[in-house]
Amino acid sequence: LAAAVQTWKKVCTNPVDKKVEEELRKLFEVRPIWSRNAVKANVSVHPDKLKLLLPYLAYYMLTGPWRSLWVRFGYDPRKHPEAKIYQVLDFRIRCGMKYGYAPNDMPVKAKRSTYNYSLPITVKKPVSHTVSIHDLKQGLGTSGASSAKKSASSRYKLKESIYIFREGALPPYRQMFYQLCDLNVESLQKIIRRNDGTESECTERDGWCLPKTSDDLRDTMSLMIKQIIRSTRPALFSSTTSTEDGKEQLAYESGEDEDDEEEEEEDFKPSDGSENEMETEILDYV
């Protein structure tokens, strides 16, 4: 977009900015689709500058198997079966008596910082701090020249656990959005690659994967996480054998599942029935 080009050229006035632009350009050459968190784990850039730089090099997917991801200009994943590995998986750690531990027993934070992230099309965005165009021109944020070197190295980088799932490690938050290529577990990759070479159609729900691939991935990941928690907190599972059936009936007889628990935990409230109720609820949730 012309506006994105003009805006970035206006603030890209120092060598640090040009270096960051080149680093991000190389990332998109190596991999055409990235989540914002994955970018922040690989490039040290001020969040306010990243908001201006991403639209300069990529476009944002609103729906489908690559929703909430940034795609390199000129690349359409719906036309390339190899883009299957870049699809997104919405994974939530399952809590409740059904799984042997309550939400309060989970050694993982309930809320993700990206719950406060608004879509690029929304008007009102949460602002943590004010950064002027002058500040952006001077460098990464409002810091002076003395801190510019520190900023350029790793000041704004996130840990790789924010976007990579590894065996034996708990996710940093109870809800995570992983790209399939970042599930670094052999058993999970086998599930993803079951139809390698035979992909025939890209659907809005499953992309290039076989139907219910996401469900199989979630089940396998949930089992892995339960084993981790069992090994670190064995006391949680000591009394579940005798009382699990009774508690499970009480907790789930109304048809509630882990998704409902997550929404209740976030105090999510639907709109009052406006014409754009569905759109409003989706934007509020994201």
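1. In this predicted model, strands S2 and S3 pair in the antiparallel sense, over three bridges. One pairing can be named: Ala 58 has Arg 72 in S3 as its bridge partner. Strands of a sheet pair through backbone hydrogen bonds, parallel or antiparallel.

2. The S2-S3 pair belongs to an open sheet of three strands, ordered S1-S3-S2 with antiparallel pairing. The edges are strand S1 (33-34) and strand S2 (58-60). Each has a single partner strand, so one side of each is left without a neighbour in the sheet.

3. Gln 87 deserves a look. It sits in the loop between strand S3 (70-72) and strand S4 (88-92). Is Gln 87 buried or exposed? Gln 87 is buried, at a relative accessible area of 4%. A polar atom of the Gln 87 side chain lies 3.1 Å from the backbone oxygen of Asp 206.

4. What surrounds Gln 87, leaving aside neighbours within four places in sequence? Its contacts include Pro 65 and Trp 66. Tyr 178, Gln 179 and Leu 180 are also among them. Asp 206, Gly 207, Trp 208 and Cys 209 complete the list. Asp 206 thus appears both as a contact and through its backbone oxygen.

5. Cys 209, one of those contacts of Gln 87, raises the matter of disulfides. The structure holds zero of them. The sulfur of Cys 202 has its closest cysteine sulfur in Cys 209, 9.3 Å away, which is too far for a bond. A disulfide would need the two sulfur atoms within 2.5 Å. Seen from the other end, Cys 209 is in no disulfide, and its nearest cysteine sulfur is that of Cys 202.

6. The two cysteines fall in separate exposure classes. Cys 202 is partly exposed, with a relative accessible area of 23%. Cys 209 counts as buried, at 10% relative accessibility. The cut-off for buried is under 20%.

7. Helix H2 covers residues 15-30, 16 residues in total. From first C-alpha to last, H2 reaches 23 Å, close to the 22 Å expected at 1.5 Å a residue. At the start of H2, a side-chain oxygen of Asn 14 comes to within 3.0 Å of the backbone nitrogen of Val 16.

8. Which residues of H2 are buried? They are Asp 17, Val 20, Glu 21, Leu 24, Leu 27 and Phe 28. Down the axis of H2, these buried residues fall within an arc of 120°, so they line one face of the helix. The face turned away from that buried side carries the exposed residues Pro 15, Lys 19, Glu 29 and Val 30.

Terms used:
Residues numbered from 1 in each chain as written. Predicted model: local features only at pLDDT ≥ 70, side-chain atom pairs only at ≥ 80, totals over all residues. Heavy atoms only, no water. Helix = DSSP H or I, 4+ residues; strand = E, 2+ residues; numbered from the N terminus. Expected span 1.5 Å × (residues − 1). Buried < 20%, exposed > 50% of the residue type's maximum accessible area, 1.4 Å probe, protein only. Arc of directions from axis to C-beta. Polar contact = N/O pair within 3.5 Å; in protein donor to acceptor, adjacent residues only side chain to side chain. Contact = heavy atoms within 4.5 Å. Pairing = 2+ DSSP bridges.
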